[in-house]
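Trainee: Could you take a close look at one part of this model for me? I'd like to hear about the loop with the unusual backbone and the charged surface around it.

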Amino acid sequence: MADVLTAAPPAVTRRRPALDGMRALAVTFVVIYHLDDQLLPGGFVGVDLFFVLSGYLITALLVRERASEGAISLRGFWRRRVRRLWPLAWVVLALVAFAGVLGVWNADQQRALPAETAAALANVANWWQAAHGGYVEQFVAPSPLRHFWSLAVEEQFYLVWPLVLAGLLAAAVRRGPRVVWGALAAMSAASIVLAWVETPDRAYLGTDTRAVALLAGAALAYAFRSHHLRGPTSDGARRAIGAWALAGAAVVGYVLVAATPASEWLHHGGFAVIAVAGTGLVASVLTNAPVQRALRAGPLVWLGRRSYAVYLLHWPLIVALGPERSTAVKAAVVIPVSLLGAELFHRRLELPAIAGRWRPRVLSIAGVVLVVAMAGALFVARPEGPTPVDQVAETLEAVPDPTTTTTAPCTPSTVVAPQFGGAIEFDPRTVVTVADPTHTCADQVRVMVVGDSMGRGVSNGLVALNDPRLEVWDRTVTGCSFGPEECPDWRQIWSVDVIGVEPDVVLLYTNLQEDLKGVEDAPYLSAEGRQQRIAALTEAVQILGRDGAKVMLITPGVPVRPNGLYYCDNRTKGSKCDPAWVQEWGSDVQEVAAATGAGVIDVGGWLAARPATEATDRPDGLHLSGDALREHAAWLVPQLLAAGGEAKAAAGEEARAAAGEEARAAAGGEPKAGGASTGSTGRSTTTTTAPSR
């Protein structure tokens, strides 16, 4: 082991092939992760390795230029970066735009492409994505340009860091290296703190929060400034670097198999740990001969020198194939096409541009032509009419609480609404306006809807029916019901909602939930997982029905392919799109309902009875929209009215029993212990866990 840790590297050369080998490993991690994140859940760590490498190489070159030339040519640096990065990136952007003309992208993808293309051209794709991650948007088919976020981070670093470094190096001449070290430490600490306080998505995409990896590479370059692209030669230094690299390899290996981009610890210092680990690996590549020999293998060097092209090409191909393709099919298409395309672009585009074989004027004209062609392609391929996201977004608007209008807030229960085929049997003009906006007629059923975005859509559908027999109170939270962990505690908010609304019926309308709030979730189909779900559903019924409301649960349907797969991380098995999972949730609902007296509405059965219209019923694969939403609401109304009638009847029995108890207590001279009293609403103030009145 000592020999491995201290073996000296060969003589320094202008280019280090072993670093190309490291690039090859990094891009391999990313490609596997994008092909199937179940194979390598933490394959995104390849991007962190690219950041460390970029920080090291750019800083090493700038420090060397400052030492040899006495100054850094910012213009020369930026010109080299433009030649290295822009030609291939712009060609890929053009190919994606032209693919839209051929109908490769769906309507939602095509609608977003102009803005995404502009953000990529301006090197701000990461900030655009951070600002456009709405609830619905995050579940639609991914953008073919989504991977440009990491390129944007590097481009922004290349724009700012040379300016900062030039100033630091000038200050170091007068005050010593501590100026540079102090600045690196301060900026790294700021990056760590910013990542810690931001949301996981924002921390993952932000240039400021991901700068720690770039700065770690920069720190290594400054530490090795006397050993350009080589590192120290003493045995002690190499031994220390070897131990550092072994620890770094263990960290990277753990991340590869155990982390995901949503892992909370990543932005709570995890990015910094990965940066330090990756820096140790880069240091080892520079100083350790056995590591260098392994990474100088011909195939690795070949792939590493084409890694930029592979990175840009592979993701649009994966998106174009769609989520229903198996991993094997995707790999069989994406890998060879990406490699062949990378070889072509490397020889015909990257190398000539890097070598400066094309004059700046030629490159400028070619760039303008390419941008105009892109704009034309995007204009021609623009979608007509509303996209699935547009349709679903309308159903997820917040539903206002019921208010008094110019007519009475309710009508007699004998009214038959036109949407149910009947005629209104009274003259609305004879109804006097009610001044009290909180007044509810005795015959009107007050329905409170809780749950996730599916429940939000149903609330909109019920309100759109305008059935005078129902009063709808929407208390749904998009993306949340029983979880996931980042959601508010449903026990608290539902308890408050029941007190505030005093519903007759509570409709708990939610998709199945695999991540229960406050629970260390067991495997979904395990016996322990089932017990956890039954416990949560039972507690929910007790909370929502504790004031006598009738609680109605639903059995959901299976999301429609292919769009519905985006709610399930593109997995048909072991996810919310797995029919076995949906059936298991339905069984849990039925068991809880039988034990607690809650009602069950078979939404899955209703959806299954409409197979010919599934694609239009649920344009995004999950949420009902259009006519289907209205028809679903009309189908729900009789069941809600029946539940409301049951609740009101139970409330009447309870009120009569309470009145009898009070009368008997008065006759006996003493009130009976535990007796209930009723307020102006006729509701009992006794708290009970009974699921119905």
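Mentor: Sure, and keep in mind that this is a predicted model. For the big picture, the protein chain exposes about 30,700 Å², with carbon and sulfur atoms supplying 60% of that. Buried residues account for 51% of its 693 residues, and the chain carries 25 helices and five strands.

Now zoom in on the loop between β2 (470-474) and α20 (490-501), where Glu486 sits. Pro484 is in the loop between β2 and α20 too, and the peptide bond joining Gly483 and Pro484 is cis, with omega at about 0 degrees. That's worth a second glance because most peptide bonds are trans.

As for the charge, Glu486 belongs to a negative surface patch, together with Asp201, Glu264, Glu485 and Glu520. Glu486 has 69% relative accessibility, so it counts as exposed.

Step back along the chain and you meet Asn466, in the loop between α19 (453-465) and β2. Its phi is positive, about 55 degrees, although Asn466 is not a glycine. With 63% relative accessibility, Asn466 counts as exposed.

For a contrast, try Asn123, in the loop between α5 (107-121) and α6 (125-131). Asn123 also has a positive phi, near 60 degrees, but at 13% relative accessibility it counts as buried.

If you want another cis bond to set beside the one at Pro484, go to the peptide bond from Arg561 to Pro562, with omega near 0 degrees. Pro562 lies in the loop between β4 (550-554) and α22 (579-596).

Technical notes
Residues are numbered from 1 along each chain as its sequence is written. This is a predicted model: local features need pLDDT of at least 70, side-chain atom pairs count only at pLDDT 80 or more; totals for chains, interfaces and linings use all residues. Side-chain values use heavy atoms; hydrogens and water are left out. Helices (H or I, at least four residues) and strands (E, at least two) are DSSP runs, numbered from the N terminus. Buried means under 20% relative accessible area, exposed over 50%, partly exposed in between (1.4 Å probe, protein chains only). Accessible areas come from the Shrake-Rupley method with a 1.4 Å probe; for residues, only the protein chains shown count as cover. Patches are made of residues with over 30% relative accessible area and no salt bridge: like charges are joined within 9 Å, nonpolar side chains (Val, Leu, Ile, Met, Phe, Trp, Tyr) within 5 Å. A salt bridge is a side-chain nitrogen of Lys or Arg within 4 Å of a carboxyl oxygen of Asp or Glu. Lys and Arg count as positive and Asp and Glu as negative; His and the chain ends are not counted. The place of a charge is taken as NZ of Lys, CZ of Arg, CG of Asp or CD of Glu.
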